[in-house]
Amino acid sequence: MSRGIALVRRPSSRLAEGLVTHIERSTVDVDLARRQHDAYCAALADAGWSVLDVVPADHCPDSVFVEDTVVVSGSRAILARPGAPQRRPEVAGTESAVRAVGLEVDKITSPGTLDGGDVLQIGDTVYVGQGGRTNGSAIRQMRGLLPDRRVVAVPLGRVLHLKSAVTALPDGTVVASPGLVDVGIFPAVRTVEEGAGCHVICLGGDKVMISAAAPKTTSLLEDLGFTPVVVDVSEFEKLEGCVTCLSVLVPGVTGPHH
Ligand SMILES: NC(=O)NCCC[C@H](N)C(=O)O
């Protein structure tokens with residue numbers, strides 16, 4: 001029985017031209033990135049997710065970071081309006097995919113800008129990072145689109161997205177990098193030292209996906225009684241990506257498969 005659909009998008013051949021903001025650019029091995037992406041998709045499938053490809057956008061170097069193009073909440077898909085104008089063409093392909101799986105579609109509109117990487121959902125609270133990519137207008141629009149949820153804005157420090165600095169574990173606590181965001185906003189914080197240690201995906205049950213670049217946090221997860229699913233995403237981390245940005249999970253929905 002599938003847990004639901006995991007939307008993914010194959011890396012562009014132009015991946016190495018992807019945006020970098022808070023880190024230095026380094027050489028990206030696109031072939032290795034493709035192999036890492038295949039292994040990432042296999043890990044999602046092994047955890048019970050039906051992996052569905054969003055139509056590739058080879059002309060968009062950052063299109064593999066599909067999380068930024070949409071926010072899924074229940075049966076709703078809120079299409080993003082990426083803060084980086086050069087990423088806006090990525091959204092059309094995601095719109096086709098979320099319509100194909102039967103979600104109701106809404107859109108963030110100008111002057112609002114929002115990247116999905118800035119949206120962390122924990123229970124009935126939606127935390128939205130406000131910073132380089134997401135602005136107050138989009139946060140206001142999110143409140144209007146999700147009237148039954150508590151939408152909490154989180155001003156960001158020198159970090160690309162909210163979920164570059166904090167993500168949630170299955171027990172509702174968060175793993176967070178204290179220097180990058182005001183962790184006091186979150187109710188139950190576990191601070192971690194490793195940069196990649198604050199990016200996790202709850203895959204269902206006690207399975208938690210984490211980067212191979214966070215071995216200390218991986219053993220912390222084991223101590224907390226979770227089952228780490230470790231993936232190497234080094235080539236994506238070179239472009240300020242992380243495990244969360246390479247997929248969008250749509251729980252409870254079945255549809256065309258990988
Ligand atoms: N949700 C995410 O963490 N997205 C990573 C986006 C990285 C991409 N190079 C960008 O700067 O937009």
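In this predicted model, Gly225 takes a positive phi of about 85° just after helix 4. Helix 4 itself spans residues 215–223, and its buried residues are Thr217, Thr218 and Leu221. These buried residues lie on the same side of helix 4, because they cover an arc of only 110° around the axis. An α-helix has 3.6 residues a turn, so residues three or four places apart point the same way. The face turned away from the buried side carries the exposed residues Pro215, Lys216 and Asp223. The cover over the buried residues of helix 4 includes three strands: strand 12 (200–204), strand 13 (207–211) and strand 14 (227–231).

Two further backbone features occur in loops. Most residues other than glycine have a negative phi, and most peptide bonds are trans. Glu240 is not a glycine, yet its phi is positive, at about 65°. Glu240 sits in the loop between helix 5 (234–237) and strand 15 (248–251). Is this residue buried or exposed? Glu240 is buried, since under 20% relative accessible area counts as buried and its value is 15%. The peptide bond joining Ser110 and Pro111 is cis, with omega about 5°. Pro111 belongs to the loop between strand 5 (104–107) and strand 6 (119–122).

The interior holds nonpolar cores. The largest has 28 residues. Within this core, Leu15, Tyr40, Leu44, Leu203, Met209, Phe236 and Leu246 touch the most other members. Several elements each supply at least two residues: strand 1 (4–8), helix 1 (30–46), strand 2 (49–53), strand 12 and strand 14. Which of them gives the most? Helix 1 does, with six residues. Leu246 is in contact with residues from other parts of the sequence, beyond its neighbours within four places. Among them are Leu7, Val8, His37, Tyr40, Val64 and Phe236. Another core lies apart from the largest one. This other core has 18 residues, including Leu7, Val72, Ala77 and Val91.

The ligand has 15 residues around it. Leu19, Glu67, Asp68, Arg87 and Arg133 come nearest. Polar side-chain atoms approach the ligand at several points. For Asp62, the partner is a nitrogen atom of the ligand, at 2.9 Å. For Arg87, the partner is an oxygen atom, also at 2.9 Å. Arg133 likewise places a polar side-chain atom 2.8 Å from an oxygen atom of the ligand. How much of the ligand's accessible area does the protein cover? The protein covers 100% of the 340 Å² that the ligand has on its own.

Note on methods:
Residues numbered from 1 in each chain as written. Predicted model: local features only at pLDDT ≥ 70, side-chain atom pairs only at ≥ 80, totals over all residues. Heavy atoms only, no water. Buried < 20%, exposed > 50% of the residue type's maximum accessible area, 1.4 Å probe, protein only. Helix = DSSP H or I, 4+ residues; strand = E, 2+ residues; numbered from the N terminus. Arc of directions from axis to C-beta. Contact = heavy atoms within 4.5 Å. Near = heavy atom within 4 Å. Polar contact = N/O pair within 3.5 Å; in protein donor to acceptor, adjacent residues only side chain to side chain. Areas by Shrake-Rupley, 256 points an atom, 1.4 Å probe, with all protein chains shown as cover. Core = buried A, V, L, I, M, F, W, Y, C linked by side-chain atoms within 4.5 Å.
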